[in-house]
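This report goes through a predicted model of a complex. It takes up the core, one helix, one chain and the contact between chains.

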Amino acid sequence: MGMTMTQKILAAHAGLDLVKPGQLIKAKLDLVLGNDITSPVAIKEFDKVGLDSVFDVNKIAIVPDHFTPNKDIKSAEQVKVCREFSKKMGIVNFFEVGQMGVEHALLPEKGLVVPGDVVIGADSHTCTYGALGAFSTGIGSTDMAAGMATGEAWFKVPEAIKFVLKGKPQKWVSGKDVILHIIGMIGVDGALYKSMEFTGDGANVLSMDDRFTMANMAIEAGAKNGIFEVDEKTEEYVKEHSIRSYKIYKADADAEYSEVYEIDLAAVKPTVAFPHLPENARTIDNVGDIKIDQVIIGSCTNGRIEDMRIAAEVLKGRKVHDEVRCIIIPATQKIWKQAMNEGLFDIFIDAGAAVSTPTCGPCLGGHMGILAKGERAVSTTNRNFVGRMGHTESEVYLASPAVAAASAVAGKIAGPEQLG
Amino acid sequence: MNAKGKVIKYGNNVDTDVIIPARYLNTSDPAELAAHCMEDLDEKFTSTVQKGDVMVAGKNFGCGSSREHAPIAIKASGISCVIAETFARIFYRNSINIGLPIIECPEAAKDIKDGDEVEIDFDKGSIRNLTTGKTYQGQPFPEFMQQIISADGLIQYIKNSK
């Protein structure tokens with residue numbers, strides 16, 4: 001029996017020739033990640049092990065991005081724990097405000113993940129790096145502590161679902177619409193404990209930013225990881241951002257999948273996930289008349305340069321609706337500077353949108369755009385659970401940057417084509 | 001090891017944002033987290049939960065964020081075991097790693113009702129509903145996980161194996 005991409009990467013990192021679904025293995029780690037919420041708990045656990053050094057100072061990344069720039073005293077204390085630990089251990093990849101970006105946009109940009117890597121991160125959206133052909137998965141703080149101590153983690157080898165992407169998406173349809181469509185189709189536990197492996201000619205058509213968005217939301221289908229086949233675009237991206245050598249793993253022709261889905265990208269429409277689950281997907285022509293109070297464009301899902309450009313294309317020469325607050329958050333300093341230099345901020349500000357420094361902030365109801373009782377937001381983030389962005393009686397509608405920007409102008413959920 | 005207690009029952013897809021909302025994640029103190037456990041889903045939980053109570057839920061329990069604060073808050077609330085049809089994978093790992101007993105058992109999770117009294121035998125993975133007299137067999141843990149559990153979590157397991 002052949003192996004999937006994920007199985008091959010795990011086998012190689014466990015020193016095995018062959019692994020099978022369900023097998024428990026110990027794999028060597030190429031990178032261990034934590035943020036300002038999960039790292040303090042991990043550091044407390046790490047201290048209990050009684051070691052005075054981490055397994056490799058180059059293979060740990062600590063990114064205070066959730067409640068930063070520090071939103072209150074307690075958050076400041078948590079970041080201080082991260083900072084002091086990083087300094088004491090000599091951790092190379094600690095990113096202070098000013099260098100910091102939303103972790104899953106930042107690490108690929110810094111070249112810290114390359115194809116074939118095994119990455120764990122104490123953040124559920126660590127699955128983002130599957131866009132680079134790496135095995136990458138979210139874990140908790142104790143696993144992060146163990147990873148920092150030993151450079152290893154235990155895994156149950158997952159089964160896989162194969163998504164064969166075909167065709168080319170239409171104008172205003174992005175990776176976000178494709179992944180919301182898929183989650184709508186298989187449900188929030190449709191890929192529980194499994195890999196989502198994206199392949200096919202359609203996958204090659206998608207930009208790297210689209211692939212990051214799709215791999216990012218694999219967790220919203222319950223998946224262990226999402227992974228794309230490495231192609232020319234991946235290699236070009238990696239060579240531009242990283243000096244590390246990398247290895248490409250391709251699935252065997254006889255690899256087994258629990259399910260195979262064929263997705264025609266040309267048939268995917270702009271898609272919105274209604275409260276309070278990402279699986280509540282509706283196409284833009286079926287959203288009805290939903291008045292909104294806020295729009296968020298940013299996050300580890302959709303805070304990259306292409307997302308900024310799409311938002312600008314929609315907002316150019318238009319005005320944000322009088323009764324809507326539109327908050328745009330480029331995910332990293334590099335993206336921020338690029339957006340500024342391309343003149344996108346002029347468009348945003350002329351339209352009446354606010355532009356924020358990088359932070360996860362509103363996505364998880366932290367700060368920089370919290371919702372009051374009864375308020376509704378269209379957001380390019382990844383979760384719309386009860387209370388996610390604020391009051392338990394507020395609502396979050398997940399969408400692409402194009403739909404979010406168009407909704408900001410319309411004052412209700414709308415696609416760019418409805419703006420006229 | 002055994003647990004016995006009254007059942008508090010929830011539905012499908014209980015996410016970590018309702019188990020412990022992110023607005024309280026500026027601390028990792030178990031008692032502070034427990035003070036807000038489940039409040040966005042069930043306002044009464046913190047005032048009615050008794051030490052030893054058993055949480056029972058449907059599919060995909062603990063989906064969403066990787067915050068270990070979620071199983072920490074449940075454990076610190078006094079819950080002795082969580083039984084669900086299925087668990088989201090990060091929550092599953094986290095629970096084992098911090099020593100919150102969990103059992104995957106679709107049949108029990110569907111049958112058992114809010115307020116029932118249940119007894120769990122962790123060594124056998126069996127669940128007995130004392131209110132109805134019915135027994136259920138949950139998924140036993142693989143040996144490797146049992147070692148982590150009997151070491152009282154992953155960190156002690158690593159210390160022991162050094």
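Which residues does V272(A) touch, not counting residues up to four places away in sequence?

## Nonpolar core

In this predicted model, V272(A) touches R282(A), I284(A) and V287(A), then Y397(A), L398(A), A399(A) and V403(A), and also I413(A), when residues up to four places away in sequence are not counted.

V272(A) belongs to the largest nonpolar core, which has 199 residues. With V272(A), the residues that have the most contacts inside this core are V295(A), L315(A), Y397(A) and A405(A) from chain A, and V82(B) and I83(B) from chain B. Helix α14 of chain A, residues 401–410, provides the largest share of the core, eight residues.

## Helix α11 of chain A

Helix α11 of chain A covers residues 305–315; eight of its eleven residues are buried, so the helix is largely enclosed by the rest of the structure. The buried residues are I305(A), D307(A), M308(A), I310(A), A311(A), A312(A), V314(A) and L315(A). L315(A) is also among the residues with the most contacts inside the largest nonpolar core. Just after α11(A), G317(A) has a positive phi of about 75°.

## Chain B

Chain B contains eight helices and seven strands. Its C-alpha trace spans about 45 × 45 × 25 Å along the principal axes. The radius of gyration of chain B is 15 Å, which agrees with the value near 15 Å for a compact globule, because the chain has 162 residues.

Of those 162 residues, 51% count as buried. Among the contacts in chain B with a separation of 6 or more, 66% are between residues 24 or more positions apart.

## Contact between the chains

How many residues does each chain bring to the contact? Chain A brings 43 residues and chain B brings 36 residues. On the side of chain A that touches chain B, α2 (39–49), α3 (73–89) and α5 (141–150) each supply at least two residues. The most comes from α5(A), with seven residues. By type, the residues on this side of chain A are 19 nonpolar, 14 polar and ten charged.

## Confidence

For the complex, the predictor gives an ipTM of 0.96 and a pTM of 0.97. The average pLDDT of chain B is 94, and 100% of its residues score at least 70. As a general caution, predicted coordinates should not be read in detail where pLDDT is low.

How values were computed. Residues are numbered from 1 along each chain as its sequence is written. Chains are lettered from A and ligands numbered from 1 in the order in which they are written. This is a predicted model: local features need pLDDT of at least 70, side-chain atom pairs count only at pLDDT 80 or more; totals for chains, interfaces and linings use all residues. A nonpolar core is a set of buried Ala, Val, Leu, Ile, Met, Phe, Trp, Tyr and Cys residues joined through C-beta atoms within 7 Å. A residue is buried if 20 or more other C-beta atoms lie within 10 Å of its own, exposed if 12 or fewer, and partly exposed in between; C-beta atoms are placed from the backbone. Helices (H or I, at least four residues) and strands (E, at least two) are DSSP runs, numbered from the N terminus. Two residues are in contact if their C-beta atoms, placed from the backbone, lie within 7 Å. The radius of gyration is taken over C-alpha atoms; the globule rule is 2.2 Å times the number of residues to the power 0.38. pLDDT is the predictor's confidence in each residue, from 0 to 100. Ala, Val, Leu, Ile, Met, Phe, Trp, Tyr, Cys and Pro count as nonpolar, Asp, Glu, Lys and Arg as charged, and the others, Gly among them, as polar.
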